Structures are given as C-alpha cells and as structure tokens.
Amino acid sequence: MFGKRSEGGAAAVALDKNPAAPSAAPAEKPAPAASASTAITPPPGSSSSSNAEVSEAYYDTKATIFNALFETIDISALAGMEPQRAREEIKTIVDEIIAIRNVRLSVAEQNQLIVEICDDILGYGPLEPLLARDDIADVMVNGAKHVFIEVDGQMEKTNIRFRDNQQLMNICQRIVSQVGRRVDEASPICDARLLDGSRVNVIAPPLAIDGPTLTIRKFKRDKLTIDNLVQFKSISPAGARVLSIIGACRCNILISGGTGSGKTTLLNCLTAFIHPDERIITCEDSAELQLQQPHVVRLETRPPNLEGKGKVTMTDLVKNCLRMRPERIIVGEVRGPEAFDLLQAMNTGHDGSMGTLHANSPREALSRMESMITMGGFNLPMKTIREMITGSVDIIVQAARLRDGSRRITKITEVLGMEGDVVVTQDLLSYEIEGEDANGKIIGAHKSTGIARPNFWDRARYFNLEKDLAEALDEAGS
C-alpha cells in the first residue's frame with residue numbers, strides 16, 4: 001500500500017512525498033480525458049456544447065477527488081510498483097475518498113473516473129484512449145483544447161481536451177524524458193519516441209504561440225508485412241514479389257515519398273527479406289524501425305546538452321557504423337550530409353543498404369541526394385556526385401499519399417547509369433489512376449512497363465532468384 005489510512009478507514013496524508021518521482025504527474029487539476037468506452041469523435045454536425053454543463057460538473061468532481069488523492073498517496077512508493085498493482089491501489093483509495101466525501105456517481109461514472117485518474121498519474125492522461133486505438137495513424141495536439149486524429153487517411157477533430165497548457169506540457173515532458181531528452185523554453189523543439197516506437201515531435205512556447213504542439217505518428221501493434229500492403233492495395237501481388245526479390249538479392253534501395261506517404265512502413269516491410277544471418281546496423285533520429293532479425297544494432301542521434309555540448313549527428317553515426325563490421329546499413333531518413341557517407345557505404349561492400357528521403361518522384365530523389373551532398377561542403381564536380389549516386393543506388397521505390405488518403409507505391413525505378421551528364425533511369429512498375437468510385441476512393445492498377453530483364457538481373461541470378469524475378473515480371477505485365 002502506498003497510502004496510509006486512519007483507524008476509521010479514512011485516507012490520511014502519507015509521510016513521504018516525492019513530487020519529482022518520474023512516474024507521477026504534478027499535483028494539478030486533472031485533464032478531461034476519455035476512457036476507452038467513451039466516444040472519441042462526436043458525430044458529424046453535432047456539438048459538444050450541449051453536454052458542457054454535465055462535463056464541467058464531472059470535471060469539477062474529478063478535480064476534487066484527484067487533489068484529495070495527491071494529498072493522500074505516497075508517490076515514492078507508487079513509482080516503484082508494477083503498473084497493475086499501482087492501479088489497484090489507486091482504485092482502493094479513490095473508492096474510499098468517494099465514500100468519505102459522499103460523492104454521488106453511478107457505477108459506470110465511478111469506473112470511468114478511476115480509469116482517467118490512473119491514466120493521468122501513470123500514463124499520458126487524455127491521450128491514453130487515443131494511443132490504445134490501433135486504427136489511428138496520427139495524433140495531433142494543437143494546444144490544450146484542440147486534438148485531431150487521422151483515421152483511414154482522413155483528419156477528424158476529437159472531443160478530447162486537456163485542463164490547460166500546463167498539463168499538456170507536463171505530459172510532453174513525461175514522454176521525452178523517457179528517452180533522455182528535454183523540452184522547455186531553452187530547448188523548445190524535441191523529437192522523441194514512445195515505448196512502442198511511435199514517433200513524437202514536440203514544439204513548445206515561445207515557438208508555438210497557442211500552447212504546446214504535440215504530434216505522434218503511431219505504429220501499429222501488429223507489425224505490417226508486404227502481404228498487408230497487398231491487402232491494402234498499396235502494391236499488387238506481382239509488385240510485392242518484385243520488391244521481395246529486390247530486398248533479398250541485396251540491392252541498394254532508396255525509398256522516396258512525401259510526408260505521411262508510408263516510407264518508414266515500407267522500409268520495415270522490405271527489411272523482412274533480409275537473411276537472419278546478416279548483421280544490420282540502423283541509424284535514426286528517433287529509433288522507429290522494427291526489424292525482426294536477431295543480429296540488429298540500433299543507433300540513435302543525440303541532441304546537445306544544456307551546455308550545448310555532446311551532440312551526435314546522423315553523419316557521426318553513419319561514419320561510426322562503418323567501423324562496426326556491418327553487412328547492411330539502414331538509415332531511417334536521409335536529410336543532410338550523411339547522404340555522402342551512406343553512398344560511400346553502399347559503394348564499398350555494404351550491399352543491400354537502405355534509406356528513406358523526402359521527394360515526390362524518383363528523379364527528384366536523385367536531385368535531393370545531389371543537394372544534400374553539396375550541403376555537406378564537399379567540393380566535388382556535379383558529374384562526380386552523379387556518378388557516385390549511380391554507382392551506389394540500384395532501386396528507388398516511390399511512395400505517395402493520394403488525395404483520398406490512401407497510400408500507394410507509385411513507382412519501382414532502376415538507376416542504370418550515366419549518359420553524358422544525365423542520370424539514366426527506367427521504371428519497372430508504375431501505378432496508373434483509372435478513376436474513382438462513388439465514395440470518392442481512387443481506382444487504379446499497378447502495371448509493368450514491359451522491362452523483362454532489369455539491370456539487377458545478374459544480381460538476382462547470383463542469389464538464384466532470376467526465375468522468380470522473371471515470373472513476377474511476367475505476372476505484373478499480364
């Protein structure tokens with residue numbers, strides 16, 4: 001037990017309080033949170049104002065009980081407990097407080113209140129029911145009173161709200177502190193991750209004018225596979241076979257696409273075709289990749305400390321991992337001078353390396369690579385940079401998010417070489433839009449461009465995959 005009770009059964013104030021305990025929130029009014037059974041998004045055209053009076057009364061009751069709980073519990077003991085046991089202890093004391101104060105709540109309301117208080121103390125408060133839903137792709141918090149989610153590619157506003165910006169900031173601090181980072185006025189921008197790998201970005205005042213802004217890119221609990229992408233019609237079955245062969249025969253791959261187009265998901269799917277015996281080293285700003293192989297080393301960048309020292313960049317990680325005897329190097333996102341080091345790695349025996357970058361077409365992806373290398377201060381002729389790119393990158397896979405919210409692999413493109421100063425590419429597979437249905441969903445098909453013998457044919461034959469490749473290309477063209 002972490003609370004002390006008087007002989008009459010009433011909860012008494014604990015002797016040892018430790019407000020700085022990492023697992024507990026500061027003593028404050030609780031946030032208005034929704035339980036898992038509460039409707040998160042109001043029906044279209046409805047307004048939450050009709051329930052404002054009931055909601056405010058509920059929140060006032062919750063605030064009273066929440067503050068009484070914090071005057072009672074021993075937070076230092078709570079921090080050392082298993083989450084389930086801590087929830088049981090909180091429930092016991094809340095039940096006592098409700099009985100002592102003669103608070104009138106139905107059984108359902110009391111259960112909901114206990115769940116919300118436990119979430120406020122042990123979890124992420126109002127965000128808990130959103131994080132528990134596997135159908136939500138993104139959670140976007142724009143200050144204390146505006147929370148949006150993305151479901152099936154469509155943006156929806158929820159009726160979730162925080163008590164105030166301070167409570168939202170406390171939750172942001174709790175999230176980033178789990179990975180050894182901080183967010184405050186001195187360091188108002190922070191990238192972090194949740195325990196399941198979901199990507200988190202926080203930008204705090206004074207940069208965010210209307211209060212802290214929190215963006216969470218959620219990962220599904222069940223890791224997606226290439227078969228799932230086929231089910232979602234992101235790629236055709238024949239295209240999936242081509243991608244599996246590309247991944248298995250150690251082609252160097254760049255995944256290109258816009259924000260939210262599914263680049264990281266696709267990268268996770270392609271890594272499934274890496275042989276279990278290979279040593280893989282990943283370099284990321286926030287560790288999100290979910291590789292299933294047994295021999296994986298995960299590296300993550302580090303921001304500077306309070307004195308502005310100790311920063312570790314992506315370039316530092318890529319350079320260092322070359323000394324770690326990798327067989328494949330995977331860069332979560334190429335966005336700066338590390339592009340040069342990744343190309344060097346691809347061209348010096350680390351076949352099968354992969355990375356993602358932001359671009360809207362394979363041709364634009366090549367231009368972005370040139371620009372990033374130039375950003376690094378490498379004083380090289382443009383033709384030399386292009387020769388380095390064509391000698392390193394074998395395949396560019398283009399992902400896109402269409403106007404109906406669906407995500408598609410729109411092109412699988414080979415990088416062939418140079419003709420003069422021009423980089424030569426050829427598309428193996430492309431997605432053609434044919435129209436849309438009555439619901440506004442885009443109808444299209446992945447079609448082969450007719451290339452029967454791609455440039456990586458010899459590499460596929462080296463891995464005894466040329467027969468499978470020929471069958472996949474024939475199927476894509478039929």
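This tour goes through a predicted model one selection at a time, from the whole chain to single residues.

**The whole chain**

Begin with everything displayed and coloured by confidence: the mean pLDDT of the protein is 81, and 86% of its residues reach 70 or more. Among the elements, strand 2 (residues 11–12) has the lowest mean pLDDT, 38, while strand 14 (residues 395–401) has the highest, 95. Select residues 1–54 next, since the pLDDT is below 50 over this stretch, although beyond near neighbours in sequence it has 124 contacts in the model.

With the cartoon shown, the protein contains 15 helices and 17 strands. Of its 478 residues, buried ones make up 47%. Switching to a surface view shows an exposed area of about 22,500 Å², of which carbon and sulfur atoms supply 50%. Among contacts in the protein with a separation of 6 or more, 60% are accounted for by residues 24 or more positions apart.

**The nonpolar cores**

Now select Leu243, Ile253 and Phe456, which touch the most other members of the largest nonpolar core, a set of 37 residues. Adding helix 8 (residues 237–248) brings in the largest share of this core, six residues. Centre the view on Ile253 and, leaving aside residues up to four places away in sequence, you will find that it touches Ile246, Gly247, Leu270, Met346, Ser353, Met354, Gly355, Ile395 and Val397. Apart from this core lies another, of 32 residues, and to find it you can select Leu299, Met314, Ala359 and Leu366, which are among its members.

**Strands 3, 4 and 5**

Move to residues 147–151, which form strand 4; four of its five residues are buried, so this strand is largely enclosed by the rest of the structure. On one pairing, strand 3 (residues 136–142) and strand 4 run antiparallel over five bridges, and within that pairing the bridge partner of Ile136 is Val151 of strand 4. The hairpin of strand 3 and strand 4 has four residues between the strands, and Gly143 there takes a positive phi near 85°.

Extend the selection to strand 5 (residues 154–157), which four bridges join to strand 4 in the antiparallel sense. Here Phe148 has Lys157, in strand 5, as its bridge partner. Two residues lie between the strands in the hairpin of strand 4 and strand 5, where Asp152 takes a positive phi near 55°.

**Helix 13 and what covers it**

Select residues 382–392, helix 13, and show side chains for Ile385, Met388, Ile389, Thr390 and Ser392, which are buried. What covers these buried residues includes helix 11 (338–346), helix 12 (362–375), strand 15 (407–419) and strand 16 (422–436), so display those elements together with the helix.

**Strands 15, 16 and 17**

Keep strands 15 and 16 in view, as they pair in the antiparallel sense over eight bridges. Glu414 finds its bridge partner in strand 16 at Gln426. In the hairpin that these strands make, with two residues between them, Gly420 takes a positive phi near 70°.

From strand 16, continue to strand 17 (residues 442–448). Strand 16 and strand 17 also pair in the antiparallel sense, over seven bridges, and Gly435 has Ile443, in strand 17, as its bridge partner. Five residues lie between them in their hairpin, and Gly440 in the turn has a positive phi of about 85°.

**Ile442**

Zoom in on Ile442, which has its place in strand 17. Is Ile442 buried or exposed? With a relative accessible area of 7%, Ile442 is buried. Not counting residues up to four places away in sequence, Ile442 touches Leu402, Arg403, Asp404, Arg408, Tyr431, Ile433, Gly435 and Glu436. If you draw a distance between the C-alpha atoms of Ile442 and Arg403, which are 39 residues apart along the chain, the separation is 8.1 Å.

**The aromatic pair**

Finish by selecting Tyr462 and Phe463, which form an edge-to-face aromatic pair with 5.1 Å from centre to centre and 90° between the planes. By the rule applied here, the count of aromatic pairs comes to one. Tyr462 is exposed, with a relative accessible area of 67%, whereas Phe463, at 30% relative accessibility, counts as partly exposed.

Methods:
Residues are numbered from 1 along each chain as its sequence is written. This is a predicted model: local features need pLDDT of at least 70, side-chain atom pairs count only at pLDDT 80 or more; totals for chains, interfaces and linings use all residues. Side-chain values use heavy atoms; hydrogens and water are left out. pLDDT is the predictor's confidence in each residue, from 0 to 100. Contact means heavy atoms within 4.5 Å. A nonpolar core is a set of buried Ala, Val, Leu, Ile, Met, Phe, Trp, Tyr and Cys residues joined through side-chain atoms within 4.5 Å. Buried means under 20% relative accessible area, exposed over 50%, partly exposed in between (1.4 Å probe, protein chains only). Accessible areas come from the Shrake-Rupley method with a 1.4 Å probe; for residues, only the protein chains shown count as cover. Two strands pair if DSSP finds at least two bridges between them. Rings of Phe, Tyr and Trp (its six-membered ring) pair if their centres lie within 6.5 Å; planes under 30 degrees apart count as stacked, over 60 as edge-to-face and the rest as tilted.
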